Amino acid sequence: KEKISINNQRIKKKDIKKYQFYINDGDLMIQQKKWNNAIFQYTRALEIFPNEFDAQYRFALAHTYKCQSTNDGCIKGDSLVSRLILHFPKNKKIQELKKIIKKQLHD
C-alpha cells in the first residue's frame with residue numbers, strides 16, 4: 001500500500017484516485033443536471049477527505065442547483081453555503097451560491 005504525505009498527512013494513492021473519480025463523476029452529474037447523483041458522488045468524496053474545500057464547495061453547489069431547479073433542499077443548501085462563508089468569507093464563488101439560495105428562499 002503506497003502512501004504519500006500531503007500537509008503532514010499519510011494518504012493512500014488509491015484514496016486520492018477514488019476521491020478524484022467521485023469529484024469528476026459528480027461534476028459530470030452537475031453538467032447533466034442530475035443533482036441527487038452529484039450530491040451522492042460528492043458525499044462519497046467527502047467521506048474520503050472531509051476537510052477538502054473542493055468537495056465541500058461542490059457539495060454545496062449541487063444542493064444550490066437542486067434548490068434552484070426544483071425548489072427542494074434549499075434549507076440544506078443554505079446551511080452548507082453559510083458554513084462555507086464562515087470559513088471563506090471573501091470567496092466570490094461562495095457568495096454567488098448564497099445569492100442563488102437567498103433568492104430561492106425568498107421567492
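Start with the whole protein chain: buried residues make up 36% of its 107 residues. The model is a predicted one. Colour by secondary structure to see five helices and two strands, arranged β-β-α-α-α-α-α from the N terminus on. Switch on the surface next; the protein chain exposes about 7,200 Å², with 49% of that supplied by carbon and sulfur atoms. For contacts between residues at least 6 apart in sequence, 45% join residues at least 24 apart.

Now select helix H5, residues 92-106. Its 15 residues should span 21 Å at 1.5 Å a residue, and the end C-alpha atoms are 21 Å apart, so the two values agree.

Within H5, pick out Ile94, Leu97, Lys98, Ile101 and Gln104, which are buried. These residues cover an arc of only 130° around the axis and therefore sit on the same side of H5. In an α-helix, residues three or four places apart point the same way because there are 3.6 residues a turn. Turn to the other side of H5 to find Lys92, Lys99, Lys103 and His106 exposed.

Add helix H3 (53-70) and helix H4 (74-87) to the view: both are among what covers the buried residues of H5.

Go next to the N-terminal end of H5, which Asn91 caps. A side-chain oxygen of Asn91 lies 2.9 Å from the backbone nitrogen of Lys93.

Finish at His63, in helix H3. Is His63 buried or exposed? Its relative accessibility is 8%, so His63 counts as buried, the cut-off being under 20%. Show what is in contact with His63, apart from neighbours within four places in sequence: Ile39, Gly73, Lys76, Gly77 and Leu80.

Key:
Residues are numbered from 1 along each chain as its sequence is written. This is a predicted model: local features need pLDDT of at least 70, side-chain atom pairs count only at pLDDT 80 or more; totals for chains, interfaces and linings use all residues. Side-chain values use heavy atoms; hydrogens and water are left out. Helices (H or I, at least four residues) and strands (E, at least two) are DSSP runs, numbered from the N terminus. The expected span of a helix is 1.5 Å times one less than its number of residues. Buried means under 20% relative accessible area, exposed over 50%, partly exposed in between (1.4 Å probe, protein chains only). The arc is that of the directions from the helix axis to the C-beta atoms. Contact means heavy atoms within 4.5 Å. A polar contact is a pair of N or O atoms within 3.5 Å; within protein, one must be able to donate a hydrogen and the other to accept it, and residues adjacent in sequence count only if both atoms are side-chain atoms. Accessible areas come from the Shrake-Rupley method with a 1.4 Å probe; for residues, only the protein chains shown count as cover.
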